[in-house]
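Q: I have not looked at this one before. Can we go through it piece by piece?
A: Yes, here it is.

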Amino acid sequence: MGLASVLEKVAGDKSLPKVTALVGAAALLGAAAAFTCGIYYGSTQKPRPKPRRAAAELDPEDSYKMVLCVRMDLKMSKGKIAAQCCHACLGVWKKLWRRRDPVLRVWEEGGQPKVTLQVSNEEAMLELYTRAKQIGVPTYIVVDAGRTQVAPNSRTVMAVGPASEKEVNEVTGRLKLL
């Protein structure tokens, strides 16, 4: 029995008040729509990316940290730098959370250490990004919307890590503290 015939039957039933028939028809249509959307959206979900390493490969005795590399050529205010660093930290955290990367647990249990460093310009930041990707250290670059202090689509801050101190220092060890 199709949806149209069920609706005709409900609407034609004289023993039901019109309001009840309307509510029943609306509920039926809503359920059909929800079912259809569930099938469509449920089938278009992306598979979850795999963590870059298994929990067994992490040494809980190692120190893990995150470094936030701030572009100094943009001349951002202290408040703007703080906001952009928050975006970078949260961005890399969400990326690793989606993968269920075990490094998050180890880093969080170690107090979530973060260090803020200076990077001279966008070119230097992108070189660090390339180096981090080569050795498998997670990164996230904040691209600003440009509503306040910097031009739209400016790359302002890059998070490197969380990863072992050794790996992070391999990427950022020559930068100066902010």
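Q: Is the crossing of H5 and H6 left-handed or right-handed?
A: In this predicted model, H5 and H6 cross in the right-handed sense.

Q: What angle do H5 and H6 pack at, and how far apart are their axes?
A: The angle is about 145°, and the axes are 9 Å apart. H5 covers residues 122-135 and H6 covers residues 165-172.

Q: Why give both an angle and a distance?
A: Because two packed helices are described by the angle between their axes and the distance between those axes.

Q: Which residues make the contact of H5 and H6?
A: From H5, Leu128, Arg131, Ala132 and Ile135 take part. H6 contributes Glu167, Glu170 and Val171.

Q: And by class, how many are nonpolar, polar or charged?
A: Four are nonpolar and three are charged, with no polar residues in the contact of H5 with H6.

Q: Now the sheet. What is the order of the strands?
A: The order is S2-S1-S4-S3, in an open sheet of four strands with mixed pairing.

Q: Which strands are at the edge?
A: Strand S2 (114-119) and strand S3 (139-143) are the edge strands, and each pairs on one side only. Across this sheet, neighbouring strands are turned by 20° against each other on average, direction ignored.

Q: In what sense do S1 and S2 pair?
A: Parallel, over six bridges, with S1 spanning residues 64-71. As one detail, Cys69 stands opposite Leu117 in S2.

Q: Back to H5: which strands does H5 lie across?
A: H5 lies across S1, S2, S3 and S4 (155-164), and runs at about 25° to S4.

Q: Where is Thr139?
A: Thr139 is in strand S3.

Q: Why does Thr139 count as buried?
A: Because its relative accessible area is 1%, and buried means under 20%.

Q: What is Thr139 in contact with, leaving aside its neighbours within four places in sequence?
A: The contacts of Thr139 are Val92, Lys95, Tyr129, Ala132, Lys133, Met158, Ala159 and Val160. Ala132 is also one of the H5 residues in the contact with H6.

Q: Different topic. How many aromatic pairs does the structure hold?
A: One. Trp93 and Trp97 form a stacked pair, 5.4 Å centre to centre with 5° between the planes.

Q: Why are Trp93 and Trp97 separated by about one helical turn?
A: Because they are four residues apart in helix H3 (residues 78-99).

Q: How accessible are Trp93 and Trp97?
A: Trp93 is partly exposed at 26% relative accessibility. Trp97 is also partly exposed, with a relative accessible area of 44%.

Note on methods. Residues numbered from 1 in each chain as written. Predicted model: local features only at pLDDT ≥ 70, side-chain atom pairs only at ≥ 80, totals over all residues. Heavy atoms only, no water. Axes fitted to C-alpha atoms, helices over the stretch in contact; angles between N-to-C directions. Helix = DSSP H or I, 4+ residues; strand = E, 2+ residues; numbered from the N terminus. Left-handed = near helix turned anticlockwise from the far one by under 90°. Contact = heavy atoms within 4.5 Å. Nonpolar A, V, L, I, M, F, W, Y, C, P; charged D, E, K, R; others polar. Pairing = 2+ DSSP bridges. Phe/Tyr/Trp six-rings, centres within 6.5 Å; stacked < 30°, edge-to-face > 60°. Buried < 20%, exposed > 50% of the residue type's maximum accessible area, 1.4 Å probe, protein only.
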